[in-house]
Amino acid sequence: MINFILMVNKQGQTRLAQYFQFLSVKERMTLEGELIRKCLSRSETQCSFLEHRGYKIIYRRYASLYFIIGMDLEEENEMAYLEFIHNLVETLDKYFENVCELDIMFNIEKAHYILEEMVMNGQIVETNKTQVLAPIHVLDKAKDE
Amino acid sequence: MSSGSHLSKELHDLIKSIGETRSKQEEDKIIIKEVQQLKTKLNEKNMPPKKVKEMLIRAIYIEMLGHDASFVHINAIHLTQSKNLALKRLGYLCCSLFLDNDSELLILLVATLQKDLASTNVHIVVNALTAVGKLISKTFVNALTEPVLKLLTHNTDIVRKKALMVMQIIRQLNQDCIAEQDYDDRIRRGIQDKEPSVMGAAFNLYHEELKKGAVNKYKPLTGTFVSMLKQIIEHKLHKDYDYHRFPAPWLQIKLLQILTLLGANDLKVSEQIYEVLGSTLRRADDTTINIGYAVTYQCVKCVSGIYPQQSLLEQAANSVSRFLKSDNNNLKYLGINALTQIVSISQKYVLEHQMTIVDCLESNDDTLKKETLELLFKMTNEQNCEVIIQKLIHFLKTSSDSNFKKDLFVKISLLNEKHAPTQEWFIKTANTLFEFGSEFIDNDVRNNFFKLLIDNFNDIGSEFGVFITEIYSELLRNDLQDNILKIVCWVIGEIGSQIYDQDPNKLNELTQLVILKLDSQLESETTISWILTCLAKLQSARAFQMFDQTRAIFQKYMQSKNLDCQQRAIDFYTLAKFNAALKGSQFITVDPKMSFLDAYVQQERLRGAQAYNPSLQVKAAALGSATEAPSLNFGPYSDNKYGGSKTNTFGTEENKSTTQNPSAPTIAGPWDDTGYNQKQPPPPKPTIATPMAIGSTTGMGSNGSGQTTTKTTMQSMGSGQMGLSSNQAQSTYVPPVRPLPPKEDPNLKEKQKLANQLFAPISQTQQQPQSTQKKGITAVAAPKQMNTNPNIPQITQPKQTAQVQNLLEIDEPLPIKQQQQPILGAPQVYVQQPQIITQKPVVVPQQQQQLWSQPPVQTQPIPQQQIKSYIPANINVDQYEQLWERNQNIKEVTLQSKIKSEQDFRRMIQTININIIEVIDQEIICAGANAENKSCVLLYGCYNLNGSLELKINSTDPKDAEYILALIKRQFC
């Protein structure tokens with residue numbers, strides 16, 4: 001299962017973190033720091049997968065932002081999760097229109113909601129963008145009322 | 001949208017300043033200030049909802065950036081009660097981000113969640129389900145089960161989808177919340193849902209159940225899953241589910257994972273899968289996008305996970321080649337992993353890619369390297385093991401990643417145990433391994449190693465003992481890490497003291513070396529205990545002279561602050577006194593007939609006691625040695641539980657003497673009527689071995705090194721002399737068959753050479769099956785016992801190493817004829833009966849020949865000298881079951897045969913000349929024994945009216961199963 005999904009920028013600043021298994025604030029900080037350092041140390045030509053602290057890590061970089069997924073070691077298909085990251089980015093892009101780091105920062109709760117729709121209990125539940133965004137649009141309307 | 005204009009200026013500025021920071025320190029400063037501001041703001045009363053919302057968003061930032069905002073947690077809980085949908089969701093989100101599932105605050109949420117789950121507003125229900133999915137915990141799972149289950153039939157698809165996922169969590173938390181049948185019914189309704197997204201969620205639930213092992217239960221659903229996959233690949237789902245015009249790839253992957261688990265080791269289920277798998281693979285392979293590769297990869301895994309089919313394997317191998325030939329490391333990674341899967345079915349496909357593999361091995365990409373090592377591990381066999389282990393040790397030396405090193409350490413020791421070509425090589429490799437991986441030596445590793453050493457010592461005898469004592473005493477001259485020193489001490493104490501039992505010079509030398517170590521820099525006190533124990537063992541040797549020194553040392557450590565050390569020192573000091581005293585009384589004469597008791601016996605007989613009846617003793621002893629009969633064991637244990645075959649000889653020798661001379665008094669233990677049974681040349685005068693036994697038992701009794709060691713030690717010390725001598729008579733030592741290959745020139749970095757070393761053996765084994773003789777250190781099998789009673793099929797004792805070997809069997813270049821066990825879920829039996837798997841039976845033998853470069857087994861005439869005859873075994877069903885359990889050489893096949901009735905089946909059994917034990921409907925069990933060596937053959941058969949014949953043959957000797965199978969194929973298929 002997916003244990004966590006992170007968005008961390010090149011400076012090592014976390015922009016979004018969602019954990020599916022509870023870690024304390026301290027543990028999260030250490031883990032995120034280590035992970036971004038590992039990701040940064042890897043070149044473009046190296047593969048996007050690694051193992052860290054008993055997690056299988058899959059990461060993908062968009063401009064200055066790293067999307068990082070941590071999974072159980074026995075999870076089988078790394079490529080599927082690599083593409084899932086891309087699907088997530090496309091979904092964010094569809095919602096925010098040309099998504100950038102600041103969009104996620106100013107609308108952090110929305111980014112969380114989108115993620116919540118796509119992953120439940122550490123498993124991919126929805127990859128259909130229309131389905132993912134439907135409840136988010138409902139929330140937007142509710143706010144306007 | 002990135003303006004953030006919807007936010008208040010305060011929050012906007014905060015986020016902006018966080019975004020602009022360039023260092024962690026700057027960021028921390030901002031956040032610390034923010035925490036203080038927020039704390040004061042919290043005191044304001046009647047905050048407008050928008051402010052509360054922003055306050056929580058600030059708290060999200062504070063916690064995300066590593067600071068504590070627990071003072072806001074309660075506000076998050078309050079917000080969940082808001083009437084505004086957006087605020088409610090934010091409240092739930094914050095709770096799930098901030099709170100641990102064990103948090104007491106969660107109790108406050110239960111009522112709100114219950115209310116929201118029952119709401120008539122769909123959106124509120126959706127929010128609540130999302131929150132339940134993240135927050136539910138064991139403590140209140142019961143309170144929420146009912147409302148969630150109700151929502152499974154809700155008329156909105158998103159509610160049904162989320163409810164399904166929450167139901168999965170509920171079951172994970174507490175099995176008893178939902179009855180199994182109920183759960184099954186509900187997920188079945190899930191996959192039948194008309195909405196693909198609900199169906200997709202249900203796949204997750206099935207996948208999890210299957211992973212937990214409930215495979216048989218869901219096999220009937222195979223058809224459903226197959227047709228779903230078919231619909232998906234044929235673009236039957238709405239376009240929204242497409243990803244880059246690829247139809248619902250994640251659903252395809254999930255389905256493939258499910259099908260892999262369903263079809264594993266099951267031909268019937270796999271046959272349903274082949275077609276759809278083939279077309280899924282073809283369609284995915286046609287694309288050049290990542291998601292296509294992901295599906296292709298999953299297909300390859302499925303092909304190698306289910307019952308293998310030749311054309312699919314070829315197709316999969318082609319896809320794998322594409323991955324490996326790519327320049328993209330991600331694809332190479334997939335390729336290497338896929339190859340690792342395929343290798344477990346056939347090593348043939350590795351050959352083509354040897355250069356790529358060597359490249360990956362030297363890649364600068366750690367991840368890729370690691371996966372390649374995994375592949376190497378799987379393909380190691382006796383021929384390439386030296387090169388591969390060398391390579392692995394090189395990685396162990398150079399790597400800095402401790403997880404990786406640990407993994408390597410375990411792998412190298414397994415490979416070494418399994419494939420080491422010679423004893424010498426084994427020991428040397430083990431020492432190098434310990435040197436570079438000393439941090440991974442724990443009690444298990446040590447005990448395992450000691451056990452191997454002592455087993456080999458017992459089996460091979462003094463030759464091996466001298467050899468390892470020399471190696472380790474040499475090591476003792478260097479500086480050693482504590483972990484290695486412990487091992488050295490053990491070897492010197494345990495084996496050295498036995499080998500040089502009568503050689504005062506050697507003993508002195510060893511003792512000196514060990515004593516010197518006490519003065520070296522030691523990391524821990526426990527090492528001192530090991531050294532003391534070693535000295536204690538040395539001083540129990542007969543020729544030991546340095547009692548003054550050892551006594552002085554023990555005396556010194558009697559003051560030690562370490563309790564273990566102190567206790568040992570006291571014990572050993574006492575023993576030293578004993579041992580020294582015994583030196584003076586070395587020539588005790590032993591009266592084996594115990595004539596000093598004669599007077600007493602006489603007296604008792606006069607009083608009317610019965611005369612001793614030796615036949616009773618014989619009976620008990622005979623029962624004891626008859627391990628082949630499932631009965632209680634009255635005699636000394638003769639199975640090789642702890643030592644080598646030593647104990648075995650012990651028992652049998654005794655039996656022999658009693659049988660031959662029933663009138664002689666029998667005494668248990670190493671004594672027979674010729675005195676202490678010691679044959680070691682030159683025969684020393686009978687002496688008492690007890691002090692040695694005491695020494696070692698006490699010594700190891702409090703030893704922290706674990707139980708195995710203790711047992712081994714006690715046995716080997718107590719009867720060490722005996723074992724040593726009797727074993728020389730029937731030594732099982734096979735001198736190293738294969739000379740070491742010329743050493744690799746370190747400067748010659750030519751990849752081709754390495755590739756040849758790594759892979760040539762595989763190509764060799766493709767052509768000529770290797771002899772089955774094992775040279776590995778563990779592969780010392782117990783001498784085979786022959787049973788002359790034709791009615792009791794003989795059972796060989798289970799090999800000690802069976803488990804270890806099974807794990808690695810994949811790499812064994814066994815002649816294909818002998819591959820009978822399904823290994824790691826990849827059955828290999830299909831080699832012999834491909835006519836079932838391939839759709840065109842006529843072409844098969846030829847195809848098979850190409851595929852395996854092996855003469856097809858079934859067309860081979862059975863050579864004259866191989867003809868075996870069998871005799872029926874008269875056993876009952878219970879005995880049959882017991883025997884079945886004991887033998888693990890099970891050969892399972894399904895054949896297309898001429899056998900369509902019980903008569904046919906009986907005729908077949910008569911031909912083999914074994915007998916039928918029981919018939920239940922179409923299932924028949926039979927038993928017999930090889931007429932020549934009486935090894936047992938058990939057969940289970942199930943015939944079908946359409947001629948399909950399922951056979952399981954369980955034989956002590958795998959060759960019997962082979963033979964019978966060939967016979968059946970020739971005459972009845």
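1. Two strands count as paired if DSSP finds at least two bridges between them. With that criterion, this note covers strand pairing in chains A and B and then the aromatic contacts; the model is a predicted one.

2. Ala929(B) of strand β6 faces Cys936(B), which belongs to β7(B). β6(B) is joined to β7 (residues 936-943) of chain B by seven bridges, and the two strands run antiparallel. They form a hairpin with five residues between the strands, where Lys934(B) has a positive phi near 65 degrees.

3. Ala929(B) also stands opposite Ile871(B). Ile871(B) comes from the pairing of β3 (residues 870-872) of chain B with β6(B), which is antiparallel and has three bridges.

4. A further antiparallel partner of β6(B) is β5 (residues 915-920) of chain B, with five bridges between them. Within this pairing, Asn915(B) has Ala927(B) as its bridge partner. β5(B) and β6(B) make a hairpin with two residues between them, and Asp921(B) in the turn shows a positive phi of about 50 degrees.

5. How many of the eight residues of strand β6 of chain B are buried? Seven are, so the strand (residues 923-930) is largely enclosed by the rest of the structure. Buried here means under 20% relative accessible area.

6. Chain A contains an open sheet of five strands, in the order β2-β1-β5-β4-β3 and with antiparallel pairing. The edges are taken by β2 (14-19) and β3 (49-52) of chain A; each has a single partner strand, so one side of each is left without a neighbour in the sheet. On average, neighbouring strands of this sheet are turned by 20 degrees against each other, with direction ignored.

7. In the same chain A sheet, β1 (residues 2-9) and β5 (residues 65-71) run antiparallel and are joined by seven bridges. One of the partnerships between these strands links Phe4(A) with Gly70(A) in β5(A).

8. Over all chains, the structure holds 24 aromatic pairs. Among them is Tyr293(B) with Phe323(B): the ring centres are 5.9 Å apart and the planes stand at 85 degrees, so the pair is edge-to-face. Tyr293(B) is in helix α16 (residues 290-305) of chain B and Phe323(B) in helix α17 (residues 310-325) of chain B, so the contact ties together parts that are 30 residues apart in sequence. Tyr293(B) counts as buried at 13% relative accessibility, and Phe323(B) counts as buried at 3%.

9. Another aromatic pair, Phe450(B) with Trp530(B), is tilted, at 6.2 Å centre to centre and 55 degrees between the planes. Phe450(B) lies in helix α25 (residues 443-460) of chain B and Trp530(B) in helix α29 (residues 525-539) of chain B, so this pair ties together parts that are 80 residues apart in sequence. With a relative accessibility of 2%, Phe450(B) counts as buried; Trp530(B), at 10%, counts as buried too.

10. One aromatic cluster in chain B is formed by Phe409(B), Phe426(B), Phe434(B), Phe440(B) and Phe449(B).

11. Charged side chains also lie over aromatic rings in chain B. Arg171(B) is placed over the face of Tyr183(B), 4.6 Å from the ring centre. Lys411(B) lies over the face of Phe377(B), at 5.5 Å from the ring centre.

Notes. Residues are numbered from 1 along each chain as its sequence is written. Chains are lettered from A and ligands numbered from 1 in the order in which they are written. This is a predicted model: local features need pLDDT of at least 70, side-chain atom pairs count only at pLDDT 80 or more; totals for chains, interfaces and linings use all residues. Side-chain values use heavy atoms; hydrogens and water are left out. Helices (H or I, at least four residues) and strands (E, at least two) are DSSP runs, numbered from the N terminus. Axes are lines fitted to C-alpha atoms, for helices over the stretch in contact, and angles run from 0 to 180 degrees between N-to-C directions. Buried means under 20% relative accessible area, exposed over 50%, partly exposed in between (1.4 Å probe, protein chains only). Rings of Phe, Tyr and Trp (its six-membered ring) pair if their centres lie within 6.5 Å; planes under 30 degrees apart count as stacked, over 60 as edge-to-face and the rest as tilted. A charge sits over a ring if NZ of Lys or CZ of Arg is within 6 Å of the ring centre and within 35 degrees of the ring normal.
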